[in-house]
Amino acid sequence: MPLEGKSLGYRYNKGKWVLQHMNVGVEAGEIVGLVGPSGCGKSTLAKLLAGHLQPTEGHVLLDGGPIPSGVRNPVQLVLQHPEQAVNPKWKLGRTLAESGTMDDNLLTELAIEEEWLNRYPSELSGGELQRICVARALGSGTRYLIADEMTTMLDAITQAQIWQSVLKWAERNHTSILVISHERQLVNRLCNRVVEFMR
Ligand SMILES: Nc1ncnc2c1ncn2[C@@H]1O[C@H](COP(=O)(O)OP(=O)(O)OP(=O)(O)O)[C@@H](O)[C@H]1O
Ligand SMILES: [Mg+2]
């Protein structure tokens, strides 16, 4: 399993255990779904896998070793609310440039208009801003995309458009995806395999 969470345990501020003895893995090229009730720890797991949180117990391994530091993380996370994921004071062109992910083909694939890059986050719709966050996450060197309720806030048509672009890009670039969602139907439609998360 190239990306693995092994016997993961997590507690926030020495509070109760949110995750315990959790094992999860994503193979290269796989699209895996993760479903489970609200509050069961899906977003916590997503942050552990992407290195945004350090596990209280257990390990996250990439190709059997720790995730390399000092380079752009090959495991990238997209959150439900894009406005929480970008610097509100930066124009979006700067956000993309700083992450080293200004790939014209990717911007075209995601139907990102050049003019948006000259705007601040508050000057885009939620769906437009989420496309920017997806482009940032899918930039060079990304091998794993963790999509945590990535399109939950969008209407069905926008949701379908974004997923179509992401799946096409992922297939072409051999990117694996972990799709975390409340929406069983979406997960069933997108994924090769679904992991059911119990509380
Ligand atoms: N920063 C935090 N500090 C303390 N507790 C937290 C923090 N973030 C999450 N929790 C708690 O951890 C548990 C798991 O939260 P998490 O966000 O991982 O759930 P989830 O499965 O993603 O839920 P949802 O489906 O509603 O997004 C919840 O009980 C939550 O209250
Ligand atoms: Mg969540």
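## Helix H1 and the two sheets

In this predicted model, helix H1 lies across strands S3, S5, S6 and S7, and its axis runs at about 155° to that of S6. H1 also lies across S1, S2 and S4, with an angle of about 125° to S1. The helix covers residues 42-49.

Seven of the eight residues of H1 are buried, so the helix is largely enclosed by the rest of the structure. The buried positions are Lys42, Ser43, Thr44, Leu45, Ala46, Leu48 and Leu49. After H1 comes Gly51, which has a positive phi, near 80°.

## Overall architecture

The protein contains six helices and eight strands. Read from the N terminus, the order of elements is β-β-β-α-β-β-α-α-α-β-α-β-α-β. The radius of gyration is 16 Å, close to the 16 Å given by the globule rule for 199 residues, so the protein is as compact as a globular protein of that length.

The C-alpha trace spans about 45 × 35 × 30 Å along its principal axes. Of the 199 residues, 36% are buried. Among contacts between residues at least 6 apart in sequence, 76% join residues at least 24 apart.

## The parallel sheet

Five strands make up an open sheet with parallel pairing, in the order S5-S6-S7-S3-S8. The edges are taken by S5 and strand S8 (193-196); each has a single partner strand, so one side of each is left without a neighbour in the sheet. From one strand to the next, the twist averages 20°.

At one edge, S5 pairs with strand S6 (residues 144-148) in the parallel sense over four bridges. Within this pair, Val75 has Tyr144 of S6 as its bridge partner. At the other edge, strand S3 (residues 31-35) and S8 are likewise parallel and share four bridges; there Gly33 is the bridge partner of Val194 in S8.

## Strand S5 and its surroundings

Strand S5 comprises residues 75-78. Which residues of S5 are buried on its two faces? Val75 and Leu77 are buried on one side, and Gln76 and Val78 are buried on the other, so that both faces of the strand are covered. Helix H4 (residues 126-137) lies across S5 and S6, running at about 175° to S5.

The loop between S4 and S5 contains Val71. Is Val71 buried or exposed? Val71 has 8 other C-beta atoms within 10 Å, and is therefore exposed, since a residue with 12 or fewer such neighbours is classed in that way. Val71 and Gly141 are separated by 70 residues in sequence, yet their C-alpha atoms are 9.3 Å apart in space.

## The antiparallel sheet

A further open sheet consists of three strands with antiparallel pairing, in the order S2-S1-S4. Strand S2 (17-26) and strand S4 (57-62) are the edge strands, each pairing on one side only. The twist from one strand to the next averages 15°.

Strand S1 (residues 3-11) and S4 run antiparallel and are joined by five bridges. One position in this pairing is Lys6, whose bridge partner in S4 is His59.

## The surroundings of ligand 1

Which residues surround ligand 1? Its shell consists of Tyr12, Val18, Gly36, Ser38, Gly39, Cys40, Gly41, Lys42, Ser43, Thr44 and His182. By class, the shell has three nonpolar, seven polar and one charged residues. Helix H1 supplies the largest share, with three residues. Among the shell residues, Lys42, Ser43 and Thr44 are also buried positions of H1.

His182 occupies the loop between strand S7 (176-180) and helix H6 (184-190). With 13 other C-beta atoms within 10 Å, His182 is partly exposed. His182 and Ser38 are both part of the shell around ligand 1; they stand 144 residues apart in sequence, with a C-alpha to C-alpha distance of 7.7 Å.

Technical notes. Residues are numbered from 1 along each chain as its sequence is written. Chains are lettered from A and ligands numbered from 1 in the order in which they are written. This is a predicted model: local features need pLDDT of at least 70, side-chain atom pairs count only at pLDDT 80 or more; totals for chains, interfaces and linings use all residues. A residue is near a molecule or strand if its C-beta atom, placed from the backbone, lies within 6 Å of it. Ala, Val, Leu, Ile, Met, Phe, Trp, Tyr, Cys and Pro count as nonpolar, Asp, Glu, Lys and Arg as charged, and the others, Gly among them, as polar. Two strands pair if DSSP finds at least two bridges between them. Axes are lines fitted to C-alpha atoms, for helices over the stretch in contact, and angles run from 0 to 180 degrees between N-to-C directions. Two residues are in contact if their C-beta atoms, placed from the backbone, lie within 7 Å. The radius of gyration is taken over C-alpha atoms; the globule rule is 2.2 Å times the number of residues to the power 0.38. A residue is buried if 20 or more other C-beta atoms lie within 10 Å of its own, exposed if 12 or fewer, and partly exposed in between; C-beta atoms are placed from the backbone.
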